[in-house]
Each structure stands twice: as C-alpha cells, then as structure tokens.
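I opened this entry to look up two things: what surrounds the ligand, and how some of the helices pack. The notes are in the order in which I checked them.

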Amino acid sequence: MAKQWSVADRIGKFGTWVMMILVFVMMMLAGKLGLSRQTLRAMTSQMQSTKIKQRAFKGYRLTKHDVLVCTYAKSGTYWTLQIVHQIAHRGKGEFEHIHEVVPWPEAPMPNVTKLANELPARTAPTGLRVIKTHLESQYVPYSPEAKYIIVVRDPKDIFVSSYFFSQGMISGPMVPVAEWLDLFLFGTFQYGSWAEQVAGYWQWRTRDNVLFLTFEEMKANHADVVRRIAAFMGVTLTDEEFAQVLEKSQFQYMKRIDEKFTPQRPWPFNKRLAGFAVMRKGARGGSSELLTPEQQAQIDQRMKAELQRYGCDFPYAQMFEGASAEPVAAA
Ligand code: A3P
C-alpha cells in the first residue's frame, strides 16, 4: 500500500483540516448568528473543492482488499457500507462509529480512519474492507484489483433526504425548499451534480468488478441484494451469517444505532451532532412530503435533460419518473 505524501500535499491536507474545523464552528454558531445560508455555502465550497477531490486517493494504490461504495450523498450509502462491512466480517462487524473502520478519502477528518490503515482488512475474516466515496468517477482510481459497488437513488428522494439532513447539520433554520431546489437543479449543490455522478459510473457498470445497484431495488428485495453483494465480494456466508448480515442492515436495526453513523464533529468538537438522524424514514418514493407535483416533475425533467447532455442512456424514466406517486413504507 504505497503512500507518498509530498510537503505540498501535507500542507494541503492540513489546510483542508483547518477549513473543516472552521466550517464546523460555523455550523455550531449558524443558528445563533443567523448565518445558515453562509454556512451552507462554506460547506458546499469545501465539499465541492476540486483540489480536495483530486487529492482524495493520491498516494494510495487500491488492492484486492478494497471494496469501494460509490454513491451520491443520501442514496443509502451507510446502508450499503453496513451490508458490505458485515459481509466482510461474516455478520459480526463491531465498531463505535463506522468511520473507525471505513475510510472516506475526500473527508480527511482526524476521526475518519485513513486509506493506508491496513487494520480493518487485516482484522476482517475475509480480508476485505470497505471504502466510502461520494466522488464523481473521474476522481476515483479504477483498479481491476479492487471491487466497486455503485448505488443510485431517485433524485427526488435524495433531494428530500438532503434537505432534512442539512437542516440537522446546521444549528439554525434551513433555507426555503425552493432555494435548495434551485441549487440542486441549476446551481452548485452541496453534493455536486446527481446527473454527472450517475453518468460517470453508468459507464463503469459492465466491468466485472463493478456492481451497479439502485436504492429502490435494495428496498424491493433486501435479502436478494445482500446475497448478490456477498457473491460479488466472493464471500460464501453460512445461513446464520447471512441472517446476521440481513438483521444488522435492516432499517430498524440501523436506526437503533444511528449514532454509529451520524456525522462526527472533528476534534476538539468530537461530540455527536444532536437533532437529527441519518436513518430518517428509509422510504422509497415519498418526496411528496416536501415537494409539490410540479417540483417533482421539474426534478425529473432536469435530470433527464442533464443525463442526455452527458450522453448517458441510464433509463431514468423507467427507474424514477413519477415514482413519487406511490410511497413505499420503510422496512
Ligand atoms: P431518508 O432521509 O429518505 O430516510 P446516506 O447514507 O447516503 O446518507 O443515505 C441516507 C438515506 O438512506 C436516508 O434516507 C436513510 O433513512 C436511508 N437508509 C439508511 N439505512 C437504511 C436502511 N437500512 N434501509 C433503508 N433506508 C436506509
């Protein structure tokens, strides 16, 4: 596992860390100072920094021990991390916080384990460890050695999930839905462009070491997806191990241990962020809780147009269009 950090890289990493601390301070004060909008903007510029994205995997060569979970934010990332981690540990994965065992290269916070840390793979009975990334495909190195699991979710549901999540992240009132939607569709959104993300990874889907999934199929058949992921990882589980993986990745189980997935503040603020849950509803097609039918249609139209602009033939209409009409309850 090569690791070659130049002095410039180290300074850059330190700068990123200082910026993260500042953003967290702003998040803590946003409500009191009426700075919600500015805080959200600062978070966006940090999360969408090209420099940070380019540096994320620098100096690390992916190996056969690595299983990457590549998602747009709010697409069921932690759900997938939990499934993969539990499969890697044959249903017995233990951690205080998921980022003790799962690196997140574009978020180099002190309490997130590093890519170069070999311990998670060494302590896993299968020798596999999971890496989380929200980066677009052009920032993620492709290696035939590693495995990649890509999860895509209906952008209408992502939008709703992101709204409540960001509301929880800032200790202040959230910007109006229409403003957040405008950013999602036409501006620089905190999590980048959904269509760009999907278009990039859609091109990877035919590779042998890539598994392309949707949140919706995970919801429709959780057990089947767990089976497919285990087979993809090359792990044969006993019936008992399989049952444990299934149980530990159920929505209600994960909700009970939400603090193990809640974003952490970096030192010296490393306390749990209060006031929201990552495991919120875990539903499919419930975007009408926040969006009007016109706004839902606007998301569909814009994402289809954007996918087309990227030359991507992902079957959007078949997958997501009009999906909000039929909410499906959480498992
Ligand atoms: P909602 O906010 O719509 O409830 P991410 O992990 O990428 O941040 O995604 C978070 C979303 O995944 C949340 O959606 C959360 O409830 C949902 N989720 C997390 N674990 C889940 C599970 N085990 N089953 C179903 N949905 C889950």
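The notes below go from the ligand shell to the helices.

**Entry 1, the model.** I noted at the start that this is a predicted model.

**Entry 2, the shell.** I asked how many residues surround the ligand. I found 18, and the closest are Lys-74, Thr-77, Ser-161, Lys-281 and Gly-282. I then sorted the shell by residue class and got seven nonpolar, seven polar and four charged residues.

**Entry 3, polar contacts.** I looked up individual atom pairs between protein and ligand. For Thr-77, an N or O atom of the side chain is 2.5 Å from an oxygen atom of the ligand. For Gly-76, the atom in question belongs to the backbone: an N or O there lies 3.1 Å from a ligand oxygen. At Ser-249 I again found a polar backbone atom, this one 3.1 Å from a nitrogen atom of the ligand. I followed this with the ligand's surface: taken alone it exposes 570 Å², and the protein buries 97% of that.

**Entry 4, helices in the shell.** Which helices each supply at least two residues of the shell? I recorded α4, residues 77-88, and α12, residues 251-256. I also checked which element gives the largest share of the shell, and it is α4, with three residues.

**Entry 5, α4 against α10.** Since α4 had come up at the ligand, I looked at how it packs. Two packed helices are described by the angle between their axes and the distance between those axes. The axes of α4 and α10, the latter spanning residues 222-233, come within 10 Å and cross at roughly 55 degrees. I therefore logged α4 as oblique to α10. The crossing of α4 and α10 is right-handed.

**Entry 6, α10 against α11.** I went on from α10 to helix α11, residues 239-248. Their axes also come within 10 Å, and I read a crossing angle of roughly 120 degrees. This angle makes α10 oblique to α11, because the range counted as roughly perpendicular runs from 65 to 115 degrees. For handedness, I noted that α10 and α11 cross in a right-handed sense.

Terms used:
Residues are numbered from 1 along each chain as its sequence is written. This is a predicted model: local features need pLDDT of at least 70, side-chain atom pairs count only at pLDDT 80 or more; totals for chains, interfaces and linings use all residues. Side-chain values use heavy atoms; hydrogens and water are left out. A residue is near a molecule or strand if one of its heavy atoms lies within 4 Å of it. A polar contact is a pair of N or O atoms within 3.5 Å; within protein, one must be able to donate a hydrogen and the other to accept it, and residues adjacent in sequence count only if both atoms are side-chain atoms. Accessible areas come from the Shrake-Rupley method with a 1.4 Å probe; for residues, only the protein chains shown count as cover. Ala, Val, Leu, Ile, Met, Phe, Trp, Tyr, Cys and Pro count as nonpolar, Asp, Glu, Lys and Arg as charged, and the others, Gly among them, as polar. Axes are lines fitted to C-alpha atoms, for helices over the stretch in contact, and angles run from 0 to 180 degrees between N-to-C directions. Angles under 35 degrees count as roughly parallel, over 145 as roughly antiparallel, 65 to 115 as roughly perpendicular and the rest as oblique. A crossing is left-handed if the near helix is turned anticlockwise from the far one by less than a right angle, and right-handed if clockwise.
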